[in-house]
Amino acid sequence: MRKFITLLLWVIGWGCVTTGMAQTVRARVSGLEADSAYMSLLREEAMLKIREDSLESVIRARRQQLSGDTTDLFNRSQQILRLEEQLFDLRSRQGNLASGINSIEQEFILNHLSGSGLPGVSSGSPSSNYPNLIDNDFFRQNLDDHEYRQLTRAQQAKFGYAPLIDAYRIGYQALQELAAAYEESGTPGEADSLYEQYRQQVWQLKELENRIITPFQDGYGHEVYLYSLLLDKLNRMNDLAALNQQARNRPSYSPSEVMSVGLAEMPGQYALALEYEKTLAQALNLSAALDSLQRVERTLRDFDLAFPNIELTEKEFVNYQEISFPGTAVYTNDHPIPELVIPESGTYYSVTVGSFSQRQPVSVFRGAVPIGYQRTGGQWRYFAGLFRSYGDALEAVQQLKEAGFRRPEAVRWYDGNYENLAAKAAQNMGLWRIVIQETGTELAPEARFALNRYAASKEITRIGDLFYVGTFTDRLHVEEVWQALEKICGLEIRVEEME
């Protein structure tokens, strides 16, 4: 722990020392030196790069220590995961900065394209000496202003993806480590904590994926359409046919194989757009642009975003069982009703079907299975089923009532402490529903997972961008569902009481 704190202090100290170093930055586009907002973003970008390098050094050092000494593996792995979360957040900030910087540069370049006198902006025929493919009169004359701006923005936007992709790589590596730690976990408490972190990490990766894929697909679509339009004007039909064939031959991916189909397909789409650009450069005899594009092509050879899918199967330290009525005797004199053993840690639900002063014959329980008993204060307390959520227990209560049981009641064990929830539920009766605000077309996968677990029987209705879950008649149940949803990043939820 002492070394860990020392390394963190080193990161903070190094960040302070290098603050001055980040002040000296140069405008990437000539003419923007006087733009204070632009230069401020560049200085912040330089500072984040310095912090990124420092944090990466700390993580490497921690990994080396862990590989040489595996004592206290869980806690030390958690320390590394926290550091990687910081790096993940930093990379996301870098992506936001890159988008802001690119936006300023795009607007400046687009506002100074014709006769500006800016370096690299031509006002004549296509130049074979300038490496920017689209910065010449052929593109301006054969595309309208809106199309040309779309193409320029699509090309500029590519500079902003690198930090976001790096952040995704870091997040994916953290997910791998969480999955490995989960497989090694040996107690319910440790496993539950790791599984919750895993779910949150998957959600963060999904959010990051959307920030990359949505604008990339939009820009890629514009590029391919406009490049095809220009090749058609040049009457390069054979080239267009060959490019269309390349598009059909690109590899396809399944959601079961990769974490993100969109990311996995991105390198192939990037390469195809590059082929269109090379074809245009050759057709227009733009030798400098072609050389530049070929250099980019060489960097793409190892560009792979097909991250193998990681799916965890939740560990069952307890044999959860729903209630059934098989019709044949399960419990007999030779196979009596067993004692119900509940782990000392964790939360578990069941339904009590009676408390008696002496052991009961199996016929009392109407053929229901599973049944278990506990001895408490001289009483024989019998239970039916074992559930992971209060909602499941409430459904079992109704099931037993319909089967003729007089007074089944939901109960809970929390870290070994027993509680009958019936009295508490009676004091909290009413009508409630949960409202989830979602900007997408569907509920987030993490939200559906939580609702399937804690409110599987509840109807979900959508009106506009709001999803309504319920009605709930038990406040304890609605609070359980709300708490599960509250843990999901980026989800806006509220509980409404209905009249």
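## Salt bridges and a helix pair

Glu275, Lys278 and Glu297 are joined to one another through a network of salt bridges. The model in which this network appears is a predicted one, and across the whole structure the number of salt bridges comes to 11.

Three further pairs show how such contacts are placed with respect to the protein surface. In one of them, Arg475 and Glu479 form a salt bridge whose closest N and O atoms lie 3.1 Å apart. Both residues belong to helix 14, which covers residues 475-486, and because they are four residues apart in that helix, about one helical turn separates Arg475 from Glu479. Neither end of this pair is classed as buried: Arg475 is partly exposed, with a relative accessible area of 31%, and Glu479 is likewise partly exposed, its relative accessible area being 32%.

Another pair is made by Arg412 and Glu419, which form a salt bridge with 2.7 Å between the closest N and O atoms. Here Arg412 has a relative accessibility of 22% and counts as partly exposed, while Glu419, with a relative accessible area of 25%, is also partly exposed. Since the buried class is reserved for values under 20%, the 22% of Arg412 places this residue outside that class.

Arg494 and Glu496 provide one more example, their side chains meeting in a salt bridge with an N to O distance of 3.1 Å. Arg494 reaches 37% relative accessibility and so counts as partly exposed, and Glu496 is partly exposed as well, with a relative accessible area of 22%.

From these charged pairs the description turns to the packing of two helices. Helix 7, made up of residues 188-233, packs with helix 8, made up of residues 237-249, at an angle of about 150°, and the axes of the two helices are 8 Å apart. Because angles over 145 degrees count as roughly antiparallel, helix 7 is described as roughly antiparallel to helix 8. On the side of helix 7 the contact involves Ser228, Leu231 and Asp232, and these residues meet Met237, Leu240 and Leu243 of helix 8. Sorted by class, the residues in the contact of helix 7 with helix 8 comprise four nonpolar, one polar and one charged. The nonpolar group consists of Leu231 from helix 7 together with Met237, Leu240 and Leu243 from helix 8, whereas Ser228 is the polar residue and Asp232 the charged one, both of them contributed by helix 7.

Terms used: Residues numbered from 1 in each chain as written. Predicted model: local features only at pLDDT ≥ 70, side-chain atom pairs only at ≥ 80, totals over all residues. Heavy atoms only, no water. Axes fitted to C-alpha atoms, helices over the stretch in contact; angles between N-to-C directions. Parallel < 35°, antiparallel > 145°, perpendicular 65-115°, else oblique. Contact = heavy atoms within 4.5 Å. Salt bridge = Lys/Arg side-chain N within 4 Å of Asp/Glu carboxyl O. Buried < 20%, exposed > 50% of the residue type's maximum accessible area, 1.4 Å probe, protein only.
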